[in-house]
There are 2 protein chains.
Amino acid sequence: MITVLSGGVGAARFLRGLIDVVRHDQVTAIVNVGDDLVLNGLHVSPDLDTVTYTLADAIDPERGWGLDGETWQAMETLGRYGGPSWFSLGDRDLGTHLYRTHRLAEGATLTEVTAEIVRAWGLDLRVLPVTDDPLRTMVSTASGEIDFQTYFVGLQHQVPVSAVRFDGIDDARPGPKVIAAVTDAERVIIAPSNPLVSIDPLLAVPGVRDAVEKVRTRCVAVSPIIGGAALKGPADRLLRELGHESTVVGVARLYAPLATTLVIDDVDRELADAVRAEGIEPLVTDTVMRDPTIRAALARTVVDL
Amino acid sequence: MITVLSGGVGAARFLRGLIDVVRHDQVTAIVNVGDDLVLNGLHVSPDLDTVTYTLADAIDPERGWGLDGETWQAMETLGRYGGPSWFSLGDRDLGTHLYRTHRLAEGATLTEVTAEIVRAWGLDLRVLPVTDDPLRTMVSTASGEIDFQTYFVGLQHQVPVSAVRFDGIDDARPGPKVIAAVTDAERVIIAPSNPLVSIDPLLAVPGVRDAVEKVRTRCVAVSPIIGGAALKGPADRLLRELGHESTVVGVARLYAPLATTLVIDDVDRELADAVRAEGIEPLVTDTVMRDPTIRAALARTVVDL
């Protein structure tokens, strides 16, 4: 059994490679929900959907989020009214949000709804929201604290961030199978996701960080930082802005208490010793998942470790 | 100034004829909201939307509801999950529900949101929800009380109804301009809508029936019953099931306290005397709005009365 701590796009691609090399039903993804939002009355879970759509080969390959073959009729009508257009809701994608909102209103948990959605896409792996409780990643900017999607999508993450806070974290309980999925796993993998706004909110749920630390010797992390930069998103900027080093060494420092191996890219080969000095063993390989062969090879490397 | 008491499809067609013969800004429609529902988190106002879309020539002419050129991608995704499919939400139409839900969550009233939507479709008439308060038409069936849309759409109005109740009516206040729109009108028109589930919930809002009765001499009703049947929908069945006569005479009996004239169709010519005997003056003309010429002629007749 393999358990992956997962954010959105990067983690989804890693997971997609993983199910090429191990059976679906051996994999559990524990997914960040700090990016969730209620938009125009609908409960949107961007990371959960990115993982599901990617694993189902239904993701839009250009955008990296949302569904392939998407249309935008609802957004066009919303635009006629001058309604909020900063967060694009595709017509196909809307069906997922309508279903999730409907089931949550019926009293289902996010864990239950997510399992239903994942199954409907023909996937046998477990996708677990890290918590069923409300948890919202908030970022402090010069003009005040804003929710993560306003920062990430609304402002295209182009403003400096001085702090990150997880609203609701004190009352958040891990989802029903989350702790066991960590504790019972033969291998725990921290996916190549943003350490501060994808992996941290997940670890911050009371009990999760402890559980991961306890299985540290079975845990391996994949660096989302390659040559000092993030492939996508603001991970590098956020690391710098929040006082970390935006290199694999900075990532090593964050993950050393949690994992015994850090997978870093070939381009960071010369930083391997510095990584080791942080107390985590570097494993150097090609981590840029350009195509199915490379992503499967990366998954194979991590699994066989 | 002309004020029209309005349900959905029949009233919308009548209003469409009306704005062919008088200026938009002379017309106010007071619209039923007893059919409203919250579906998958979205606030749906079927009668308001039917009126707006019809007046904007954007209604689907085949179905008589929803938008022309509609697509159904969201419903297809929802169907993948086995989500509720009994109430069809078109992709274009969804933009309206998203906007309405968004603005209501921001604290706008339904009156305000409706005005924004109507304006966005290039219409200058006033479309007023009869109330901004929650009001839900409930019908009693052999298997219990259900909301109106479950009866009308879910069960295709194919079950007998033993009672109609307007949930929330005691606390419902007329929308801010509703009473004045009745009192100040030179002509009040009861549109050819279902008397029991479109016009009644509107009149039942405290103050509205009184206001209409006070301007009775300026009020004219158009019969939705033609030759003993409704053109569309269950008005005839409901009249019978709830102890009324499903003829223009039955309609006359309901509307005599509210209006001095009842417009009936040519096919009901021989019932004119029986209508008059109920205390309301019959006006016989072609009321089947087959085409723009006939609907404009009907509007002209009612306005010139």
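What rotation, and how much shift along its axis, superposes chain B on chain A?

**View 1. Chain B laid over chain A.** A rotation of 180° with 0.0 Å of shift along its axis does the job, at an RMSD of 0.0 Å; the fit is by least squares on the C-alpha atoms of residues with pLDDT of at least 70 in both copies. The two copies are thus related as by a two-fold rotation axis. They also use the same surface, since 100% of the contact residues of chain B recur in chain A. A word on the basics: this is a predicted model, where local features need pLDDT of at least 70 and side-chain atom pairs count only at pLDDT 80 or more, while totals for chains, interfaces and linings use all residues. Residues are numbered from 1 along each chain as its sequence is written, with chains lettered from A and ligands numbered from 1 in the order in which they are written.

**View 2. The side of chain B that touches chain A.** Chain B and chain A put in 27 residues each (contact: C-beta atoms, placed from the backbone, within 7 Å). On chain B, helices H3 (73–80), H4 (91–105) and H5 (110–120) each give two or more residues (helices are DSSP runs of H or I, at least four residues; strands are E, at least two; both are numbered from the N terminus). H4(B) gives the most, with 10 residues.

**View 3. Strand E5 of chain B, covered on both faces.** In E5(B) (residues 126–129), Arg126(B) and Leu128(B) are buried on one side, and Val127(B) and Pro129(B) on the other (buried: 20 or more other C-beta atoms within 10 Å of the residue's own, all placed from the backbone). Strand E2(B) (residues 27–31) pairs with E5(B) in the parallel sense over four bridges (pairing takes at least two DSSP bridges). Pro129(B) is the bridge partner of Val31(B).

Methods:
Buried ≥ 20, exposed ≤ 12 C-beta atoms within 10 Å, placed from the backbone. Contact = placed C-beta atoms within 7 Å.
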